[in-house]
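Trainee: I am new to this structure. Could you take me through a single part of it, slowly and in detail?

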Amino acid sequence: MFKPDPAGPEQLVWNPFRSDTDYFSPSRRDCMINFAVDDLDGMIARLAEHGVEILGRNDDDPFGRFAWFLDPAGMKIELWQAKPE
């Protein structure tokens, strides 16, 4: 179990999506995992060092910066860096 950072943003544990969403593509799974990170660019660089392909990123979202990749089992992973307050 991960303990929430009291100084961090609210912790969202579960969020349903419509059954016909394509947000989890190209994964064939019906869910994904989202990790909050402090340094999105640094995390992407570390993943690239290990040969992980980044599927995409969005630096313009009002909620922060995002990037996505697939884990070895085909689960889509979303990385999120909150916008500074």
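Trainee: Which residue just after helix 1 takes a positive phi? Please look closely at helix 1 and what surrounds this helix.

Mentor: Gly51 does, with a phi of about 80°. Before going on, some ground rules. This is a predicted model, so local features need pLDDT of at least 70 and side-chain atom pairs count only at pLDDT 80 or more, while totals for chains, interfaces and linings use all residues. Residues are numbered from 1 along each chain as its sequence is written, and side-chain values use heavy atoms, with hydrogens and water left out.

Helix 1 covers residues 40-49. Helices (H or I, at least four residues) and strands (E, at least two) are DSSP runs, numbered from the N terminus.

Start with the inner side. Leu40, Ile44 and Leu47 of helix 1 are buried. Buried means under 20% relative accessible area, exposed means over 50%, and partly exposed lies in between (1.4 Å probe, protein chains only). Seen down the axis, the buried residues of helix 1 fall within an arc of 60°, so they line one face of the helix. That arc is taken from the directions from the helix axis to the C-beta atoms. These buried residues pack against strand 2, strand 3 and strand 4. Contact here means heavy atoms within 4.5 Å.

Now the core. The largest nonpolar core has nine residues: Val37, Leu40, Ile44, Leu47, Ala67, Phe69, Met75, Ile77 and Leu79. Such a core is a set of buried Ala, Val, Leu, Ile, Met, Phe, Trp, Tyr and Cys residues joined through side-chain atoms within 4.5 Å. Helix 1, strand 3 (64-70) and strand 4 (76-82) each give two or more residues to this core. Helix 1 supplies the largest share, three residues.

Helix 1 also takes part in a salt bridge. Asp41 pairs with Arg57, the closest N and O atoms being 2.9 Å apart. Asp41 lies in helix 1 and Arg57 in strand 2 (residues 54-61), so the pair ties together parts that are 16 residues apart in sequence. A salt bridge is a side-chain nitrogen of Lys or Arg within 4 Å of a carboxyl oxygen of Asp or Glu. Asp41 is partly exposed at 40% relative accessible area. Arg57 is partly exposed too, at 37%.

Follow the chain of partners. Arg57 also meets Asp59 in a salt bridge, at 3.1 Å from N to O. Asp59 is partly exposed, with 37% relative accessibility. Arg65 forms a salt bridge with Asp59, again at 3.1 Å. Through shared partners, Asp41, Arg57, Asp59 and Arg65 join into one network.
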